Amino acid sequence: MNIFVGSLPFKLQEADLREIFEEHGEVSSAKIITDKFSGRSKGFGFVEMPNDTEAQSAIDELNGAEVDGRAIVVNKAEQRKESPRRDNYRSGGYQGNNRRY
DNA sequence: GTTGAGCGTT
């Protein structure tokens with residue numbers, strides 16, 4: 001289950017976020033969203049947990065929990081898919097791979 | 001050295 005985490009302290013790092021969720025279950029990956037141009041944290045991130053039961057428990061326990069003095073927001077993530085369509089494609093190359101500049 | 005609602009680069 002992918003989890004959305006908001007209201008994170010700007011100083012928080014991905015490893016910190018991961019350890020927070022690992023206290024409530026197994027964490028496969030943790031991500032802090034940072035601005036591509038400034039490199040600064042956007043203040044929210046995502047955590048992926050393979051066990052849905054532990055994930056739901058972590059959401060229930062960590063939503064509103066205080067981290068570094070800030071009450072964080074934890075919800076089930078949306079919009080980003082893990083399994084894009086990979087079927088019905090043939091290994092044949094493209095004919096129009098010519099590049100015109 | 002700054003800020004504070006929301007959903008990420010594959």
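Here are three short exercises on a predicted model of a protein with DNA strand B.

**Exercise 1. Find out which residues surround DNA strand B, and what classes they belong to.**

Solution. Start by collecting the residues with a heavy atom within 4 Å of the strand. You should end up with 20 residues around DNA strand B, and the closest are S7, L8, K31, F44 and R80. Next, look at the DNA side: sugar and phosphate make up 13% of the atoms of DNA strand B that come within 4 Å of the protein. Finally, sort the surface near DNA strand B by class: eight residues are nonpolar, seven are charged and five are polar.

**Exercise 2. Work out which protein atoms lie close to base atoms of DNA strand B, using R40, K76 and E78.**

Solution. Take R40 to begin with: an N or O atom of the R40 side chain sits 2.9 Å from a base oxygen of DNA strand B. Now switch to the backbone. A polar backbone atom of E78 is 2.8 Å from a base nitrogen of the DNA, and for K76 a backbone N or O atom is 3.5 Å from a base nitrogen. Then step back to the elements: strand 1 (2-6), strand 2 (29-34) and strand 3 (41-48) each give two or more residues to the surface near DNA strand B. Strand 3 has the largest share, with four residues.

**Exercise 3. Describe how strand 2 and strand 3 are joined.**

Solution. Check the direction, then count: the two strands run antiparallel, with five bridges joining them. For one pairing, go to T34, whose bridge partner in strand 3 is S41. Last, follow the chain between the strands: they form a hairpin with six residues in between, and G39 in the turn has a positive phi of about 80°.

Terms used:
Residues numbered from 1 in each chain as written. Chains lettered and ligands numbered in written order. Predicted model: local features only at pLDDT ≥ 70, side-chain atom pairs only at ≥ 80, totals over all residues. Heavy atoms only, no water. Polar contact = N/O pair within 3.5 Å; in protein donor to acceptor, adjacent residues only side chain to side chain. Nonpolar A, V, L, I, M, F, W, Y, C, P; charged D, E, K, R; others polar. Pairing = 2+ DSSP bridges.
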